[in-house]
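Grab a pencil and open the model in your viewer. Try each exercise yourself before you read its solution.

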Amino acid sequence: MKEIVYKEENGYLIPDLKLPEQPQVTLGPYAMAHMRYLKDNYPIMYTNLLTSAKLKEHLHEVEQRARETEERLVRQMMEKEGVTEQLKAQDMMDWVRKVNNIRSRAREFVYEDIIYSL
């Protein structure tokens, strides 16, 4: 076990605690939403991940899984519903409407199945 080092501030000895170095990762919207979900609904789990320096790694994994799932679902739904480049060439507005609808449904699934679950 490491020896605890103290520093003096205003006549009080305070433990000089530092978190271990963590990799720099960019957290996207899915990771931020999951972090808020953990913080609001599972504060103990959030605190444990934070103090063990595993929160960023966990959030990064959630972000990657959510993005991959969304992309896969969009591709599959576009194929199943016949949203093709040919439709895009024929009727751009209909193609945009259908793609936006598909993306919206895919995001809804991602939020329900990945972001707001454990």
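## Exercise 1: the largest pocket

The largest pocket of this predicted model holds about 230 Å³ of space. Work out which residues line the largest pocket and how the lining splits by class.

**Solution.**
- Step 1: list the lining. Lys2, Glu3, Ile4, Val5, Asp16, Leu17 and Lys18 line the largest pocket.
- Step 2: sort by class. The lining has 3 nonpolar and 4 charged residues, with no polar ones.

## Exercise 2: two glutamates in one helix

Place Glu70 and Glu63, decide whether Glu70 is buried or exposed, do likewise for Glu63, and find a polar partner for Glu70 and for Glu63.

**Solution.**
- Step 1: place them. Glu70 sits in helix H3, which covers residues 55-80, and Glu63 is in helix H3 too.
- Step 2: check accessibility. Glu70 has a relative accessible area of 11%, so with the limit at under 20% it goes down as buried. Glu63 comes in at 5%, so Glu63 is buried as well.
- Step 3: look for polar partners. The side chain of Glu70 makes a polar contact with the side chain of Tyr30, at 2.6 Å. For Glu63, a polar atom of the side chain lies 3.1 Å from the backbone nitrogen of Tyr30.
- Step 4: fill in the surroundings. Skipping neighbours within four places in sequence, Glu70 is in contact with Tyr30, Arg103, Ala106, Arg107 and Val110. With that exclusion, Glu63 is in contact with Gly28, Pro29, Tyr30 and Ala31.

## Exercise 3: follow a contact to Ala106

Ala106 turned up among the contacts of Glu70. Where is Ala106, is it buried or exposed, and what does Ala106 contact outside its sequence neighbourhood?

**Solution.**
- Step 1: Ala106 belongs to helix H5.
- Step 2: the relative accessibility of Ala106 is 0%, so Ala106 counts as buried.
- Step 3: beyond four places in sequence, Ala106 is in contact with Glu70, Leu73, Val74 and Met77.
- Step 4: now try a long ruler. From Ala106 to Ile14, C-alpha to C-alpha, the distance is 49 Å, and the two are 92 residues apart in sequence.

## Exercise 4: tyrosines together

How many aromatic pairs does a search of the whole structure find? Then take Tyr37 and Tyr116 and describe their geometry.

**Solution.**
- Step 1: the search turns up 4 aromatic pairs.
- Step 2: Tyr37 and Tyr116 make one such pair, with centres 5.5 Å apart and 55 degrees between the planes, which puts it in the tilted class.
- Step 3: check the sequence positions. Tyr37 is in helix H1 (residues 29-41) and Tyr116 is in the segment after helix H5 (92-115), so the pair links distant parts of the chain, 79 residues apart.
- Step 4: compare exposure. Tyr37 is buried at 16% relative accessible area, whereas Tyr116 is partly exposed at 42%.
- Step 5: widen the view. Tyr37 and Tyr116 join Tyr30, Tyr42 and Tyr111 in one aromatic cluster.

## Exercise 5: positive phi without glycine

Asn10 and Ala53 each have a positive phi. Find the loop that holds Asn10 and the loop that holds Ala53, then look at exposure.

**Solution.**
- Step 1: phi is about 55 degrees for Asn10 and about 60 degrees for Ala53.
- Step 2: Asn10 lies in the loop between strand E1 (6-9) and strand E2 (12-15). Ala53 lies in the loop between helix H2 (43-51) and H3.
- Step 3: Asn10 is exposed, at 76% relative accessible area, but Ala53 counts as buried, at 16%.

Methods
Residues numbered from 1 in each chain as written. Predicted model: local features only at pLDDT ≥ 70, side-chain atom pairs only at ≥ 80, totals over all residues. Heavy atoms only, no water. 1 Å grid on protein atoms, 1.4 Å probe; cavity = no way out; pocket = protein on both sides within 12 Å on 5 of 7 lines; lining within 4 Å. Points joined across faces, edges and corners; volume = space filled by probe spheres on them. Nonpolar A, V, L, I, M, F, W, Y, C, P; charged D, E, K, R; others polar. Helix = DSSP H or I, 4+ residues; strand = E, 2+ residues; numbered from the N terminus. Buried < 20%, exposed > 50% of the residue type's maximum accessible area, 1.4 Å probe, protein only. Polar contact = N/O pair within 3.5 Å; in protein donor to acceptor, adjacent residues only side chain to side chain. Contact = heavy atoms within 4.5 Å. Phe/Tyr/Trp six-rings, centres within 6.5 Å; stacked < 30°, edge-to-face > 60°.
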